[in-house]
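Biologist: I am new to this structure and would like a close look at a single sheet and what surrounds it. Could you take me through it slowly, explaining your terms as you go?

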Amino acid sequence: MQLSDTPEPARADAEPPATPPTPIASPSPLRRKLAAAAFLLLGVPALASADPMPSSPSWQLDATGLLYGERQRTSVIEPTARLTRLFANGQALSGQITLDAITGASPTGAVPSGQPLTTTTASGMVTTLPAGQVPTKKFNDLRGASDLSWDLPVGTLFKATTGAHYSREKDYQSVGASESFSLDVLRRLATITIGGGVNRDGVFPRGGTPVPLSDGTQVLTTGTDRKDVTTGLIGLSRVLTRRWLMGLSMTRTLETGYLTEPYKVISIVDSTDTAVDQRTENRPARHDRRAALASSVYHLAKDVIYVEYRYYWDDWGIRSHTADAKYRLELPDDAYLLPHVRYYTQSAASFYRPSLPQGDPLPTFASADYRIGDLSGVTIGATYGFKVPGSRGEWNVRVEYLRQWGPAGSFAGTGTPGGDDGGGGERATRAAAVALPSSKFGAFTSLDIGTIVVGYSIPF
Amino acid sequence: MRPPVARDVSRTRQARAQRVSRFAPVPLLLLMIFSFGILVADAKPRAPQVAPAFTLPARDGTVALDSLRGRVVLLDFWASWCEPCKRSFPWMNSLVQRYGARGLSVVAINLDKDRDLADRFVEEHEPAFTIAFDPAGTTAEAYRVAAMPSSYLVGRDGTILSAHLGFDAKKASEFEKQIAAQLTP
Amino acid sequence: MKPLLFVLALTAAALLSSCAATAVKPWDRDLLAEKKMRFNAYPMIGAVDEHIYFSKEGSTGGASVAGGGCGCN
């Protein structure tokens, strides 16, 4: 018995994007070319020893546009284009370009103040904030990112994937490379994946890197701070039945270097919880993050159910649970509807401080960034995918709503329609703060986010 | 009783050991997965020595392996959802064209559960060889098909001369030489 | 995190044992061969989501090693 050749890949996720079935009536130019080539061969028996199959490479274009909006805060427009070259031997080379145009305001981390608050930035800019508002910093940024990816199957059971990344924005640069190997075992009922990646990032804050836990007027350096990221992955996927695919994977990410958010601050509050001053934040120079993910894909008669659960833990003390479910409802004419629900909850980092009491000695590390505080979030949305008759392209449109809330929100924000719109919600939070220990109270109550993604894919 | 210094050292060691043991399951798990997986992966089913007989519905009428006794038969197992199968069809067409007169027959057994999908594939790829339909996969079971596509070279006497997993253009030309060697010049 | 790793190792071993499920025959992979039967069946949207959640939450990782950083705040 001779074992050779390229059998059908066992792992659904390892297979290069397959060209969707073409309508019988209109064979593609490629297929016609193929047929012609085969026909040529028929008439030339002398070619018997030569490669009897012409290579059949093809292309695939994927494009998406993201519109992202936070109530009263940031909005983002993000177009992406990915071009993939699929080779006959199973290799795939793809290049992707992403642009991010971000405008709006981001919370500084300071608590709303009872009085107007004047701040001076490292570059000497003076801003004054009206009383009772969540302090935010206006910003706009343009980010450009490019990614390359190369899939190389070796033999019938093994595949290597190599990736490279470069991105740049006003105050941040990221250069990275990744490599992963996957091997089909158990007669291709199971797949083992091992991978690793490194990033050599640079942070160069506008106006220089502020001295940590200072008033923000002193600059530590005007050069680039390094941030190195190393990631490792092990994964296992298994075909359980004809309809059921399950996966387990774990990643460990080690970040070292400048991990502080240069523009974030912490309020110094007096005994009445009134902000009297503020300090720049400071985070440890090392962040060891781990995550374990279990996922399942199940095929019903036509529809498909996707379920995922992730547990995350790190050395900053953050623990999080993420649960995600999608249901693909098949509709006539190759269309589908994909409702999506996601729930996320995390505990705060050990050095998370919504504010610092006046007169207390400053801690070594402190951040009031709500994203490393106690936080929960729910996403609901749906994707509608369809094909335009007569075209091989596939369209999809996704609309989603994401709401995030902190512990203060559960006391004060929930009863306030509009939540974070800077009005009643914030005042309600101030009222709740009196009843809460100040260590439990942050500027963050809740945030509403809406996103629309339009995507188009076409093989050619 | 150990001196206090030694106790300190042992405590540090213990702490290190604890730290190590925390990560120990990871490489251990990997090792286990690899050795176990590869062992089992190697245990591929063996093709039978003599080609099991079958009678299956074809595009018109039926096809029986027995009726092809005396000819060299390339028996191919395929399905519409299998990507390499698409690439194997033009190759099998060219085989029939060149070697049919010299005693080669190609029978491609479809294993789709839905006949419509098979019919659509056939219409698109226009095979010049015999297509048989086995939605239950009985013949695939009998031939111990280990991958899609799989092909078997059946000699004039009905014995299986070789079995091939998958389809690859380069390997196909090797296979073709093997086929040609069985045919009358 | 020993208990979690232990559970993961156990689950992995269970998933790898060939008796965990009746073997799926090579010709029974019709449904598994469909594009929608992948963990990352919607890769473009998945990349967008990864970027969004990376910049709005304290967690990251689980599924992949690729991708670049950002100073998203």
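Modeller: In chain B, five strands form an open sheet with mixed pairing, in the order β5-β4-β3-β6-β7; strands (E, at least two residues) and helices (H or I, at least four) are DSSP runs numbered from the N terminus, and two strands pair if DSSP finds at least two bridges between them. This is a predicted model, in which local features need pLDDT of at least 70 and side-chain atom pairs count only at pLDDT 80 or more, while totals for chains, interfaces and linings use all residues. Residues are numbered from 1 along each chain as its sequence is written, with chains lettered from A and ligands numbered from 1 in the order in which they are written.

Because β5 (130-133) and β7 (160-165) of chain B each have a single partner strand, they stand at the edges, and one side of each has no neighbour in the sheet. Neighbouring strands are turned against each other by 20 degrees on average, direction ignored; axes here are lines fitted to C-alpha atoms, for helices over the stretch in contact, and angles run from 0 to 180 degrees between N-to-C directions.

At the β5(B) edge, the partner is β4 (residues 104-110) of chain B, and the two run parallel over four bridges, with Asn110(B) opposite Phe133(B) of β5(B). Across β3 (72-78) and β4 of chain B lies helix α3 (residues 83-99), which runs at about 155 degrees to β4(B); contact between two residues requires their C-beta atoms, placed from the backbone, to lie within 7 Å.

The strands β3, β4, β5, β6 (150-154) and β7 of chain B, together with α3 and α6 (169-182), each give two or more residues to the largest nonpolar core. Such a core is a set of buried Ala, Val, Leu, Ile, Met, Phe, Trp, Tyr and Cys residues joined through C-beta atoms within 7 Å, where buried means that 20 or more other C-beta atoms lie within 10 Å of a residue's own (exposed is 12 or fewer, partly exposed in between, all placed from the backbone). This core has 43 residues, and among those touching the most other members are Leu74(B), Phe77(B), Leu95(B) and Val107(B). In soluble globular proteins, nonpolar side chains tend to be buried together.

Apart from this core lies another, of 29 residues, including Ile234(A) and Tyr312(A). Chain A also has an open sheet of three strands, β15-β14-β20, with mixed pairing.
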